[in-house]
Amino acid sequence: MSDTQLTATILITSKDRANLCENALRSAMSQNYECEIIVVDDGSSDDTAIRSKSVCPEARVFRNERPLGIIAARNKAFEVAQGQIVFTLDDDAVFSGPSLVGSVVKEFSPPCVGAVTIPIIDHLPDGTVRQRLPIENSTTDFPCVANFSGGANALRKDLFMKVGRYSGKSRQGEERGVCLRFLQEGFLVRVAAEHHIDHYPQPATGNRGLIDYYNVRNSIAFAKDFFPFPDRQIHVLGTIASHLMASLPRGRGMQVIRGACAELVFGRGIDYPRVARKTCRAWRAMSKRTCWRFSELRSFLKSCEIQLTGSE
């Protein structure tokens, strides 16, 4: 590896899914780019940690005796990761090919790229396939998005640590807060070209009402933690309204109301500084579109008086 190449770490977090974790781990081992591999067994009742070490003796395997939750577990792994670029791979997913890591590392150019989100192809339990985000070979006017996917991304470790990592207080959905803070620092999320993640979600067994409860709660917490007045209030009201519209036809409106009240009354704040109003409003506008071309997003952010890292 030349001195100019960025070092990489692949992070896999798993709980009670040893078989799936093995597939993800073998996918990481197949990469033709030298990588550190970290597996976090988040309090599994099975032998995830032992089997992971058996499959990949060179992997750094950590076990939490008590489950921390996937977000907090990822935080701990970032602390010990040695790579400059940290890839997060869900335990029910695999890289599409052995050259993915090497290709994505090169995509941390221009210098304003703080994260690369990797397109996902979902192989659903009913046999259907769903593709998220375009997969294209675009080297200059590449697509960008407002948020990266939690289980299919690569981040600059130093930037992630600088902005304060995930808060760890939510079960999911904390990627938005990281992306918002990246934008505040002048960094974008780029969509990976050529390669993708093959995702094999397991049949849903959870309480859908509970999912609605946490989704609305996490969205309100996000606004409370980062948005300035009055954007915070506008986002909270819009979040409650949109979640109610989606859940009422399914008979789960009460779960949304409970989640909203729980966060508004009992939700604890975090110590992150509020982002600037111009950053907040730019990010909200970015989130309304699936993708932006780099050239148009750069122009849009310039009109918002947001300076990208490395730009003139």
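Here are a few notes on helix packing, a pocket, a buried threonine and a cavity in this predicted model.

1. Start with α7 and α9. Helix α7 covers residues 208-226 and helix α9 covers residues 253-266; the two pack at an angle of about 35°, and their axes are 8 Å apart. If you want the hand of it, the crossing of α7 and α9 is right-handed.

2. Which residues make that contact? On the α7 side you'll find G209, D212, Y213, V216, R217, I220, A221 and K224. They meet Q255, V256, R258, G259, A260, A262, E263, L264 and F266 of α9. Sorted by class, the residues of this contact come out as nine nonpolar, three polar and five charged.

3. Helix α7 turns up again in the second largest pocket, where it gives the most to the lining, with six residues. The volume of this pocket is about 250 Å³. Its lining has 14 residues, and I211, D212, N215, H243 and A246 are the closest to the centre. Both α7 and α8 (231-247) supply at least two residues each to that lining. D212 is worth clicking on: D212 is in the contact with α9 and is also among the pocket residues closest to the centre.

4. What classes of residue make up the lining of the second largest pocket? There are six polar, five charged and three nonpolar residues.

5. Now for T88, which sits in strand β4 (residues 85-90). Is T88 buried or exposed? T88 counts as buried because its relative accessibility is 3%, and the cut-off for buried is under 20%. Setting aside neighbours within four places in sequence, the residues in contact with T88 are L11, R74, F78, G150, G151, A152 and N153.

6. On to enclosed space: how many cavities of 30 Å³ or more does a search of the whole structure find? It finds two. The second largest cavity holds about 40 Å³ of space. Its lining is made by V145, A146, C179, L183, F187, L188, V189, W283 and M286. Two or more of the lining residues come from each of α6 (175-184), β11 (188-191) and α10 (277-287).

7. Last, the chemistry of that cavity: the lining residues divide into nine nonpolar, with no polar and no charged. Set beside this, the lining of the second largest pocket includes six polar and five charged residues. If you have the model open, W283 and M286 are two of the cavity residues to look at.

Notes:
Residues numbered from 1 in each chain as written. Predicted model: local features only at pLDDT ≥ 70, side-chain atom pairs only at ≥ 80, totals over all residues. Heavy atoms only, no water. Axes fitted to C-alpha atoms, helices over the stretch in contact; angles between N-to-C directions. Helix = DSSP H or I, 4+ residues; strand = E, 2+ residues; numbered from the N terminus. Left-handed = near helix turned anticlockwise from the far one by under 90°. Contact = heavy atoms within 4.5 Å. Nonpolar A, V, L, I, M, F, W, Y, C, P; charged D, E, K, R; others polar. 1 Å grid on protein atoms, 1.4 Å probe; cavity = no way out; pocket = protein on both sides within 12 Å on 5 of 7 lines; lining within 4 Å. Points joined across faces, edges and corners; volume = space filled by probe spheres on them. Buried < 20%, exposed > 50% of the residue type's maximum accessible area, 1.4 Å probe, protein only.
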